[in-house]
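Hi everyone, thanks for making time. I'd like to walk you through one model today, beginning with charged pairs and moving on to individual residues. Here it is on the screen.

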Amino acid sequence: MTTSTVEYIRYRIPEDRSAEFLAAYTKAAAQLAAAPQCVDYELSRCEEDFEHYVLRITWTSTEDHLEGFRKSELFEDFLAEIRPYVAHIEEMRHYKPTTVRGAGASVPTLYAWAGGTEAFTRLTEVFYDKVLRDDLLAPVFEGLAPEHAEHVALWLGEVFGGPSTYSETQGGHGHMVAKHMGRGITEPQRRRWVNLLQDAADEAGLPTDAEFRSAFVAYAEWGTRLAVYFSSPDATPPAEQPVPRWGWGSAPPYRP
């Protein structure tokens, strides 16, 4: 579970002061944006009653907020902007996120956008056919188990938002990391892996839109760089972790 904390501040601002209130927070927000203790923030206005506002600020921790931000010069400048509205605060509390969280279906997962299980099965079949014929990568995968491509398809499907089949049948993140320990993967091999994966994505018919491919390649870069690290002689196996879940990042799917 994340160690961050979420602060909610509820205001009741007379409607005739709403413009000046928003202008003040627009200036004050610059101090939040500059604070290393602040993860993100958002000021929302009630649709049913325009006098009600909620400011949500995610802090790295409650202590970082109270002992870090509030004792900094940034807070002094922040408070100077919003001081006229402090008397209008109805609630100001810190909340810890719980494990009850998730995403709705308004934005499809990368898994669904790619075409689901069949798409990732095609991808790994094409990819490992290329790998085994590649002079640089073939030695790394010498003695490849017949079911390896299928297992990697399950892994990628889960990473990109599909069912948790890999975790349920193979053992999760630790199992994947263990496969790379001691293999001594080089940077040229890592780059070739990423390039062949992109070629395989083209041949397997995965979506070519910029949004999907940027997220797809971002995971390939992240995952292969970890693989290089964990394959080194002095690497320490990580504590058991869930399979990472990759999202769209900064660019959700484009819909005209």
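Arg133 is exposed, at 58% relative accessibility. For that word and its relatives, buried means under 20% relative accessible area, exposed means over 50%, and partly exposed is in between, with a 1.4 Å probe and protein chains only. The areas come from the Shrake-Rupley method with that 1.4 Å probe, and for residues only the protein chains shown count as cover. The side chain of Arg133 meets that of Asp129 in a salt bridge, 2.9 Å from N to O. By salt bridge I mean a side-chain nitrogen of Lys or Arg within 4 Å of a carboxyl oxygen of Asp or Glu. Asp129 is partly exposed, with a relative accessible area of 41%. Elsewhere, Glu187, Arg190, Arg191, Glu221 and Arg225 are joined into one network by salt bridges that share partners.

A word on the ground rules. This is a predicted model, where local features need pLDDT of at least 70 and side-chain atom pairs count only at pLDDT 80 or more, while totals for chains, interfaces and linings use all residues. Residues are numbered from 1 along each chain as its sequence is written, and side-chain values use heavy atoms, with hydrogens and water left out.

How many salt bridges does a search of the whole structure find? It finds 16. One of them pairs Glu91 with Arg10, at 2.8 Å from N to O. This one links distant parts of the chain: Glu91 sits in strand E4 (residues 89-95) and Arg10 in strand E1 (residues 5-12), 81 residues apart. For the labels, helices (H or I, at least four residues) and strands (E, at least two) are DSSP runs, numbered from the N terminus. Is Glu91 buried or exposed? Glu91 is buried, with a relative accessible area of 15%, whereas Arg10 is partly exposed at 30%.

Glu67 and Lys71 make another salt bridge through their side chains, at 2.5 Å from N to O. Here Glu67 is partly exposed at 45% relative accessible area, and Lys71 is exposed at 61%.

Now for charges gathered on the surface. Glu73, Glu76, Asp77 and Glu81 form a patch of negative charge there. Patches are made of residues with over 30% relative accessible area and no salt bridge, and like charges are joined within 9 Å. Asp and Glu count as negative, Lys and Arg as positive, with His and the chain ends not counted. The place of a charge is taken as NZ of Lys, CZ of Arg, CG of Asp or CD of Glu. From this patch, Glu81 belongs to helix H3 (residues 73-82) and is partly exposed, at 31% relative accessible area.

Asp77 takes us on to helix H1, by way of Gln31. Gln31 lies in helix H1 and counts as buried at 18%. What does Gln31 contact, leaving aside neighbours within four places in sequence? The answer is Phe69, Leu74, Asp77 and Phe78, where contact means heavy atoms within 4.5 Å.

Let's stay in helix H1, which spans residues 18-34 and includes Ser18. Ser18 is buried at 11%, and touches Ile13, Arg45 and Tyr53, not counting residues up to four places away in sequence. Phe21, also in helix H1, is buried at 0% relative accessibility. With residues up to four places away again set aside, Phe21 touches Tyr11, Ile13, Leu43, Tyr53 and Tyr85. The last of those is 64 residues away along the chain, yet the C-alpha atoms of Phe21 and Tyr85 are separated by 7.5 Å.

Two more residues and then I'm done. Gln198 is in helix H9 (residues 187-203) and partly exposed at 27%. Beyond its neighbours within four places in sequence, Gln198 contacts Arg213 and Val217.

Finally, Arg245 is in the segment after helix H10 (210-230) and is partly exposed, at 45%. Leaving aside neighbours within four places in sequence, Arg245 is in contact with Glu158, Val159, Gly161, Gly162, Pro163 and Ser164. Its C-alpha atom is separated by 43 Å from that of Glu15, 230 residues apart along the chain. Thanks for listening!

Conventions
Patch = residues over 30% accessible without salt bridge, like charges linked within 9 Å, V, L, I, M, F, W, Y side chains within 5 Å.
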